[in-house]
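Q: Please take a close look at a single part of this protein, the open sheet and what packs around it. I would like one connected account.

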Amino acid sequence: MSDRVARRARVGLRVVVMLGLGSVASVAHADAKADVTALVTKNLAAIEKNKPSEFSATLRKDGFTFVPSTDAPSFSERFYGYHSHDFRHVIDKLVVVVDEPAKVAWFHVQWRATYDVAMVGADGKPITNQKDTMRAIGVAIEGGDADRRSDRGWKIAAVMYGSAFDDKWLFKNASEDTKPGKVTVRGDHGSADAVATWFAVGGSIAATQAPGAVVVSGTAALEYGADAAAARFVGAWDKLRLFGLAIKGMRWGTSPIAFVKAEVAMPVKGRGATKMRLGAVMIFDGKAWKWVAISFFGWFDDDMYSPI
């Protein structure tokens, strides 16, 4: 949302795999950590290989997926645009947090994608080596019973994808028609209502941060922060006067974890406001819902099976 904010908040970043869900966590053994890490890696590999069946195999049958486009000709083009092909992925940062007794986990991953485009540029040469910074945020659940054998083991229950981009593209989509109003709240109200408070008068994202490991990302490539750096970003975002448009919470039974998808907007001086979407992983500490991971994305079409 601002490269300037990102530069102020940036600290030395590292690839991490962390354990514990704040106050509801316990230490998970290496197998659970490895299983969820492998699941996320397999999910991204399916995108890289343009294999929708392999992608679907990483998801619960009732899983929610949010991708940049739903009408592209091929599966991977939904992530990288029309005529893109020959995708290559390199994972930069992967955070996996597991609560093994509750059989739930959350993840946030950032990867570098390189691909070619089946078009020619102004110079008449093929367009090659396009580069995107990509991110995904989501929840995984270990489950499956006699009625849902395909969901046995760890499966992704909710995931949201998107690419980072320059602020100029964010501001370009500002419109005077985007104004604050009544916020629509659907799905699990406990987690969704907690996110709604972020955008109410006097609300604050920082006020509902969970203790322990956290990670956030904004719309710009440099807007990534874990732990202390995450808090700095959130403090800056709280000053942007963001307002909510629609919020949907997703929870699985009485699980202490939920995924919230929100449509939000940021005021742009003299031009109304620009729309964004965000995904948030929320955990319940026995009293209230608090966030452990947040990722902002550009405005994109919803999957037809999971409207807000």
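A: **The sheet and its surroundings**

Thr254 sits in the loop between S9 and S10. The model is a predicted one. Thr254 counts as exposed because its relative accessibility is 75%, and exposed means over 50%. Its C-alpha atom is 9.8 Å from that of Ala102, although the two residues are 152 apart along the chain.

The strands on either side of that loop belong to an open sheet of seven strands, in the order S6-S9-S10-S11-S12-S7-S8, with mixed pairing. Strand S6 (184-187) and strand S8 (224-226) are the edge strands, each pairing on one side only. From one strand to the next, the twist averages 20 degrees. Within this sheet, strand S7 (residues 215-217) pairs with strand S12 (residues 289-297) in the parallel sense, over three bridges. Val216 is found opposite Ile294 in S12.

Two helices can be placed against the sheet. H6 packs on the sheet and touches S6, strand S9 (243-251), strand S10 (257-268), strand S11 (272-284) and S12. The direction of H6 makes about 155 degrees with that of S9. Helix H7 (residues 228-237) also packs on the sheet, where it touches S7, S8 and S12. For H7, the angle is about 125 degrees, taken with the direction of S8.

Ser191 gives a residue-level view of the H6 side. This serine lies in helix H6, which covers residues 189-196. Ser191 counts as buried because its relative accessibility is 0%, and buried means under 20%. Leaving aside residues up to four places away in sequence, Ser191 touches Gly249, Met250, Ala258, Val260, Met282 and Trp289. Strand S9 spans 243-251, strand S10 spans 257-268 and strand S11 spans 272-284, while S12 covers residues 289-297. The side chain of Ser191 also makes a polar contact with the side chain of Asp188, at 2.7 Å.

The wider setting is as follows. The protein has seven helices and 12 strands. Of its 308 residues, 51% are buried. Among contacts between residues at least 6 apart in sequence, 67% join residues at least 24 apart. The protein exposes about 13800 Å², and carbon and sulfur atoms supply 51% of that area.

Notes
Residues are numbered from 1 along each chain as its sequence is written. This is a predicted model: local features need pLDDT of at least 70, side-chain atom pairs count only at pLDDT 80 or more; totals for chains, interfaces and linings use all residues. Side-chain values use heavy atoms; hydrogens and water are left out. Helices (H or I, at least four residues) and strands (E, at least two) are DSSP runs, numbered from the N terminus. Buried means under 20% relative accessible area, exposed over 50%, partly exposed in between (1.4 Å probe, protein chains only). Contact means heavy atoms within 4.5 Å. Accessible areas come from the Shrake-Rupley method with a 1.4 Å probe; for residues, only the protein chains shown count as cover. A polar contact is a pair of N or O atoms within 3.5 Å; within protein, one must be able to donate a hydrogen and the other to accept it, and residues adjacent in sequence count only if both atoms are side-chain atoms. Two strands pair if DSSP finds at least two bridges between them. Axes are lines fitted to C-alpha atoms, for helices over the stretch in contact, and angles run from 0 to 180 degrees between N-to-C directions.
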